[in-house]
2 protein chains.
Amino acid sequence: MASLWFDERDAKFLMYEVFNLQDLLEKPPYEDHSQDMVDMVLTEALKLVENDVAPTYPDEVQGKAVEAVFKDGKVYVPEAYHRLWQLYYEGGWGTLTDSPEVGGQGFPHTVAGLVMNMLSAANMAFIMYAGLTHGAAKLVEVFGTEEQKKIYLENMYTGKWAGTMCLTEAGAGSDVGALKTTAKRNPDGTFSITGTKQFISAGDHDLTENIIHPVLARIEGDPPGTKGISIFIVPKYKLNPDGTTSDELNDVITGNIEGKMGIHGNSTCTLNFGENGNCVGYLLGEERKGMRIMFQMMNEARLEVGMQGLGHACASYLHALDYAKERLQGPDVMHMRDPEAPRVPIIQHPDVRRMLLYMKSLAEGMRALNIFTFYCMDKVAAATTEEEKDKWQGYIELLTPICKSYCSDMGFRVTEVGVQVFGGYGYCREYPMEQMLRDQKISSIYEGTNGIQALDLLGRKLGMKKGLYFMNLLGETQAAIAQAKGIDEIKEEAKIVEDALNALATTSMEFSKMMKSNPFVPLINAYDFLNCMGDALLGWFHIWEAGVACKKLKESPSEKDTAFYKGKIESAKFFINRTTALVPAKAEILKKEEMSAMNIPEEGFAV
Amino acid sequence: MASLWFDERDAKFLMYEVFNLQDLLEKPPYEDHSQDMVDMVLTEALKLVENDVAPTYPDEVQGKAVEAVFKDGKVYVPEAYHRLWQLYYEGGWGTLTDSPEVGGQGFPHTVAGLVMNMLSAANMAFIMYAGLTHGAAKLVEVFGTEEQKKIYLENMYTGKWAGTMCLTEAGAGSDVGALKTTAKRNPDGTFSITGTKQFISAGDHDLTENIIHPVLARIEGDPPGTKGISIFIVPKYKLNPDGTTSDELNDVITGNIEGKMGIHGNSTCTLNFGENGNCVGYLLGEERKGMRIMFQMMNEARLEVGMQGLGHACASYLHALDYAKERLQGPDVMHMRDPEAPRVPIIQHPDVRRMLLYMKSLAEGMRALNIFTFYCMDKVAAATTEEEKDKWQGYIELLTPICKSYCSDMGFRVTEVGVQVFGGYGYCREYPMEQMLRDQKISSIYEGTNGIQALDLLGRKLGMKKGLYFMNLLGETQAAIAQAKGIDEIKEEAKIVEDALNALATTSMEFSKMMKSNPFVPLINAYDFLNCMGDALLGWFHIWEAGVACKKLKESPSEKDTAFYKGKIESAKFFINRTTALVPAKAEILKKEEMSAMNIPEEGFAV
């Protein structure tokens, strides 16, 4: 039976038939990786997911919670995570895209993205431990001294030590610059760290012999705001002079773990640094460059969050589809009044088909958006000129907030519909549907709330290089649209996508003018603008994929492939006609200078 | 401090300034109820909510679950519910609208609706026990024999006995007609009931000395489908000849209670009737009229479900507003780059204001929709001609599926945004936000899934009396629109509402034609059509309320009222310009004959 967690056929379609990854596999730095090797990676990853990861997904088994536990000052992960951690690192999954120089496999990010897609679906709470470890290690790889690399890289990339990401404080969430954690210079060049970090995912656990915390703090005397922030490496256990883990704790004390709506297997910690004045931190990179450095990790994390939305959407859809094919309820709609008519699987009911196609078209559209962004990284790596590199890097900049925000919200929306397809069963803990919804909810909040992502897109990304990246991206969409316009079957949809993108180009220009005249208009509408971007870009990917599918259908594919390609075309039609088509009307609203949200007096919200 | 669970000012505005309930209070059957009495009811209800109900809301206290428990075959509710139950019935809340003949207070439904609004917000899991008890008692009142009324009414209306609603079976959810529970005639005129009912809310508990189950079953030999269904009264404990509760159980055995995403305080039971061949049921009403009879209770329950969406939306909004006024984060948007600028409450940030006004405008719009529907019941009761009665009854028929489906989905949407306003805290169990979201999710599923509601609206309600009720309702909207068109401040919005309603009138006619030519178009689009109806009707209520607010503002109101009325106007502008305005574009999509959901081959969903 096909997987309920990952749609391998769609992944391969995207990779080989749409993005033509095989072309990239012929060029440096990927020329040592064949298509067979890529296929094998996907096959092995899916085995890991099916056999080992997915069985650990439920956060309740026979009425008993499966969760991270805080007991006597220590954090314990669910028992099964220990073996998973070992399998994950033994299998080399921790360094799929990393350079062989640091022990990595050097695979394209496109491939790693698809692997992440599966893993986020099958146990997000678990994979976050590994994701944060990778991100923290990468910080050291990019910004660390040679000595730091020697100490940390191998230990972290092999999963012997774990990593975290310590930004948030009780009064400094979205406003990172307001943080209060301080770093005091010690005579030996190290720093004494003092402060409390909150909501630290995977902040403490018993998976590894040590945990490495990258911590944002302000060196005494440095200016307020983000400009005065530096970043420090703070190990949970102090290190011996030879770089091994000592038995001595480094005064990082776990105060608590949060009771949460979901991701119960992941420990969300309050960490107290230097409560006893004995917490040693090591400067990473230059002083006062902490924010810039941390952004390396944040960008990686934001794409992973987008993947969580995709992963849950994908798993929720496949579970709902499976259920809808099995579950009998009611007669065929044409025989509704005949009580003797045979019961049919609910997939035959129009409203259920609507829900399923909604889920499918969003899941597949988000897959395209996310994996395209990973593909851009491969294009950066393979670029032979600075110009080319800059172009693809520009797409990554632009698309990162959209991947994060749009996919976290739409992933939630898809899991909501997934619950609905299951009816009463969807609300019961016996089935995974309600957990997916609970787990998914965090994604719109952490790694920068979706409101912050919208501001990033509007206030920073759209204007980068005077809008060049955005114009480039719009240009990038032209090929698929032009091709689809030549295919009768989908030419109307091609026009809809074009209109949507044009509407957003106009809106973006208007916003840019308004940033001077009435900045509140773009600010109020930033979030809705980002969603329109998502709706339009998914339209682009859908028309691109449908164009490929139409072409393939003419080549007399197998029966199975015929169904698949037809499915792609209907998925595109559904999404473009029902969602992308609304973008121009929504864009009109965005530009309208509708100021109620600013005009309402504060006391007018409720008296 | 104002309540975090209920917006009393808005409720009174709606009741007295918009619907002019005071006019109804001068006519039979309400002429004995003064405005003072109504105000006192609201005041007392709010006291109950604040002092007694809301404190029982959290389903986890200090890490310990507060939930219904199944132990040794018995169901126990959370301890605090016992006292609440007593307070509720001693206060007369169980029979607020019922006739004095059955011990009720005879208040207008409008008032009871607002009380329900509060109670659903402050502890939905609890209030469901009482809601089902009322619904079951009302069935006996309307359809029972004199003897049955004597036995059951007082006991149930005073909360001495509770009630349930037993429709669903494992293979018969949306398709009630497929039920397998049987009723076998006994020589004494009673019936022996055999079958298993599932997902029975409040199905068993220790709140009352007896529980009365209205059970749908098929008498042996009766035809299949809904036409062969009868309804029976099945007490949990057998009754003595004098109608009191005996010690003997009536062979209704609780098999299990469900572990659920939310409403943990409410027991969702599997009930086995007649496993030992000893379950006695008493026919209620005529044989084979079970579905028609049960609809009395279902319609009441569907409106209560709409109230749950409203209640959660309202509570989530008020909590988020309170938080946004207190929580400091980041500088004012005009000083974003100044790290020394003072931190401001997040309500000053445009994106947060957008979220709050989104929540406010939906909560208030849903309140108007729901309370209007209750107001229609009062108009039915006060009608002096059959024509008038029929007109208002027609509105109830039309609006019931919209209240149920739209408010359950939008209530969920509002609680989602409520979590977002709280940021990371919203995801933590320490705050009520995530529980509201979990509790609310059930509403789109039970009492007929929202897909079923959409079919009810499109397939039954729109066409009733050849569309007369729908045309009447559209006519009803004209007054407020015409008035608003004469007010400069809101005339544009009035036009938007008018256009939206016209677009739906056209769509409805097209659908009616297509039901013959291509029924799949209306069937695929039924759910989206229902949502468009909600978006347009809320626009109508908003323009109606804004019209009143504009008028009141000219009468030099107090400072507080000025803020309130301005808030109403901005709320209307926000909703109408951003949501109602999209209805015509959405209606175009609905009519488009976009058939992808039917055209996709089943194997094309995933291969």
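Which helices do the buried residues of helix 10 of chain B pack against? I will come to that in a moment, after saying that what we have in front of us is a predicted model, and that everything I describe should be heard with that in mind.

Helix 10 of chain B runs over residues 433-441 and is mostly covered, with nine of its nine residues buried. The buried set includes nonpolar residues such as B:Met433, B:Met436 and B:Leu437, and also B:Glu434, B:Arg438, B:Asp439 and B:Lys441. As for the partners, these buried residues pack against helix 9 (386-421) of chain A, and, within chain B, against helix 5 (109-143), helix 7 (290-326) and helix 9.

That brings me to the contact between the chains, where 87 residues of chain B touch 87 residues of chain A. On the chain B side, the element that gives the most is helix 15, residues 559-578, with 10 residues, and by class that side holds 39 nonpolar, 21 polar and 27 charged residues. One example of contact across the chains is B:Gly604, which sits in the segment after helix 17 (596-599) of chain B and, leaving aside its neighbours within four places in sequence, is in contact with A:Ala563, A:Phe564, A:Lys566, A:Gly567 and A:Glu570. B:Gly604 counts as buried because 21 other C-beta atoms lie within 10 Å, the cut-off being 20 or more.

Let me turn to helix 9 of chain B, residues 386-421, where the length can be checked: at 1.5 Å a residue its 36 residues should span 52 Å, and the end C-alpha atoms are 49 Å apart, which agrees. Along the way there is a kink of about 35° at B:Leu399, shortly before the proline B:Pro401. Of the 36 residues in helix 9 of chain B, 29 are buried, so the helix is largely enclosed by the rest of the structure. Just after this helix, B:Gly423 takes a positive phi of about 60°.

Helix 13 of chain B, residues 491-517, can be checked in a similar way, since its 27 residues reach 39 Å from the first C-alpha to the last, close to the 39 Å expected. Its buried residues, among them B:Glu493, B:Ala494 and B:Val497, pack against helix 11 (450-461), helix 12 (468-485), helix 14 (520-553), helix 15 and helix 16 (583-590) of chain B. Those three residues also appear among the contacts of B:Ile543, which touches B:Ala480, B:Ile481, B:Ala484, B:Ile490, B:Ala572 and B:Ile576 as well.

In soluble globular proteins, nonpolar side chains tend to be buried together. Here the largest nonpolar core has 422 residues, and those with the most contacts inside it are A:Phe232, A:Ile543, B:Phe232 and B:Ile543.

Finally, chain A, whose domain assignment gives domain 1 (8-156), domain 2 (162-289) and domain 3 (464-598), with the C-alpha centres of domain 1 and domain 3 lying 31 Å apart. A residue to look at there is A:Met165, in the loop between strand 5 (161-163) and strand 6 (182-185). Is A:Met165 buried or exposed? A:Met165 is buried, because 26 other C-beta atoms lie within 10 Å, and beyond its sequence neighbours up to four places away it touches A:Leu132, A:Gly135, A:Ala136, A:Pro214, A:Met297 and A:Ala301. From the C-alpha atom of A:Met165 to that of A:Met598, 433 residues apart along the chain, the separation is 35 Å.

Key. Residues are numbered from 1 along each chain as its sequence is written. Chains are lettered from A and ligands numbered from 1 in the order in which they are written. This is a predicted model: local features need pLDDT of at least 70, side-chain atom pairs count only at pLDDT 80 or more; totals for chains, interfaces and linings use all residues. Two residues are in contact if their C-beta atoms, placed from the backbone, lie within 7 Å. Helices (H or I, at least four residues) and strands (E, at least two) are DSSP runs, numbered from the N terminus. Domain bounds come from an automatic or database domain assignment. A nonpolar core is a set of buried Ala, Val, Leu, Ile, Met, Phe, Trp, Tyr and Cys residues joined through C-beta atoms within 7 Å. A residue is buried if 20 or more other C-beta atoms lie within 10 Å of its own, exposed if 12 or fewer, and partly exposed in between; C-beta atoms are placed from the backbone. The expected span of a helix is 1.5 Å times one less than its number of residues. The bend at a residue is the angle between axes fitted to the seven residues ending there and the seven starting there.
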